[in-house]
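Please take a moment to look at the sequence and the 3D structure shown here, and keep both in view while you read.

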Amino acid sequence: MNLPRNVESSLYEVLYSEWGAVHYDKEELQSFLDRYHTLKRTGTEKKELEKLEKVIELRKLDHLVSLASGEEEASKWAFREKLARDGAADLLLTNVFSRETLKQITQIPSEDIPLVLKRIREVMGAVRKMTVQEDALDNSIPGA
């Protein structure tokens with residue numbers, strides 16, 4: 001029996017799990033860029049490098065460059081998006097904002113608060129819709 005020595009991540013896993021937040025989370029983007037440049041420099045792990053290049057292509061190179069360089073509009077959008085996703089997770093899991101999320105929301109400019117709250121509602125709505133659809137499935141449906 002010939003079993004592989006290592007388990008590789010699929011492109012789907014790389015895009016949506018390992019590096020799923022690179023387009024709005026600067027810490028994740030920094031880790032991504034560190035890994036990408038290490039692979040480029042060393043020439044190792046060619047398959048992984050190809051997958052990271054696909055992440056760059058799908059997440060739009062110009063947006064990632066703007067975010068990494070601290071461009072104001074890209075950074076504002078990313079900060080609000082991360083805050084909204086964190087806020088939605090807080091509310092869906094505990095029905096209240098965490099202390100950190102609430103602190104961040106109250107520190108942003110007042111004109112940005114409605115944008116963040118609207119995005120929180122959108123994310124929550126998408127998750128709720130997904131869970132309601134899942135609840136409607138039963139074992140008689142293939143793939144359920």
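The paragraphs below go from the overall form to a pair of helices and then to single residues.

What you are looking at is a predicted model, and all the values given for this structure should be read with that in mind. The protein has seven helices and zero strands, and, if you follow the chain along its sequence, the pattern reads α-α-α-α-α-α-α. The C-alpha trace spans about 55 × 50 × 25 Å along its principal axes. The radius of gyration of the protein is 19 Å, whereas a compact globule of 144 residues would have a value near 15 Å.

Other values describe the protein as a whole. Of its 144 residues, 28% are buried, and the protein exposes about 10400 Å², of which carbon and sulfur atoms supply 53%. If we take the contacts between residues at least 6 apart in sequence, 54% of these contacts join residues that are at least 24 apart.

We can now turn to one pair of helices. Two packed helices are described by the angle between their axes and by the distance between those axes. At what angle do the axes of helix 2 and helix 4 cross? The axes of helix 2, residues 26-42, and helix 4, residues 61-68, come within 10 Å of each other and cross at roughly 110°. An angle of 65 to 115 degrees counts as roughly perpendicular, and helix 2 and helix 4 are therefore roughly perpendicular to each other. On the side of helix 2, the residues that take part in the meeting are Lys26, Leu29 and Leu33, and on the side of helix 4 they are Leu64, Leu67 and Ala68. When the residues of this contact are sorted by kind, five are nonpolar, none is polar and one is charged.

Helix 2 also holds two residues that can be set beside each other, Tyr36 and Thr38. Is Tyr36 buried or exposed? With a relative accessible area of 13%, Tyr36 is buried, because buried means under 20%. If residues up to four places away in sequence are not counted, Tyr36 touches Leu49, Leu52, Glu53 and Ile56. Leu15, which is 21 residues from Tyr36 in sequence, is 14 Å from Tyr36 in space, C-alpha to C-alpha. Thr38, by contrast, is partly exposed, with a relative accessible area of 28%. Thr38 and Ile113 are 75 residues apart in sequence, and their C-alpha atoms are 38 Å apart in space.

After helix 2 the chain enters the loop between helix 2 and helix 3, and Glu45 is placed in this loop. Most residues other than glycine have a negative phi. Glu45, however, has a phi near 50°, a positive value in a residue other than glycine.

Further along, Glu71 is found in the loop between helix 4 and helix 5. Glu71 is partly exposed, with a relative accessible area of 34%, and between Glu71 and Glu28, 43 residues apart in sequence, the distance from C-alpha to C-alpha is 17 Å.

Helix 5, which covers residues 72-94, is the place of Ser75. Ser75 has a relative accessible area of 15% and is buried. Which residues are in contact with Ser75, leaving aside its neighbours within four places in sequence? They are Lys26, Leu67 and Gly70, and two of these names, Lys26 and Leu67, have already appeared where helix 2 meets helix 4.

Gly87 is also found in helix 5, and at 0% relative accessibility Gly87 counts as buried. Gly87 touches Phe97, Thr101 and Ile120, again not counting residues up to four places away in sequence. The C-alpha atoms of Gly87 and Arg35 are separated by 28 Å, and these two residues are 52 residues apart along the chain.

The last stop on this path is Asn95, in the loop between helix 5 and helix 6. Although Asn95 is not a glycine, Asn95 has a positive phi of about 70°. Asn95 is exposed, with a relative accessible area of 62%, whereas Gly87 in helix 5 is buried at 0%.

Technical notes:
Residues numbered from 1 in each chain as written. Predicted model: local features only at pLDDT ≥ 70, side-chain atom pairs only at ≥ 80, totals over all residues. Heavy atoms only, no water. Axes fitted to C-alpha atoms, helices over the stretch in contact; angles between N-to-C directions. Helix = DSSP H or I, 4+ residues; strand = E, 2+ residues; numbered from the N terminus. Parallel < 35°, antiparallel > 145°, perpendicular 65-115°, else oblique. Contact = heavy atoms within 4.5 Å. Nonpolar A, V, L, I, M, F, W, Y, C, P; charged D, E, K, R; others polar. Rg over C-alpha atoms; globule rule 2.2 N^0.38 Å. Buried < 20%, exposed > 50% of the residue type's maximum accessible area, 1.4 Å probe, protein only. Areas by Shrake-Rupley, 256 points an atom, 1.4 Å probe, with all protein chains shown as cover.
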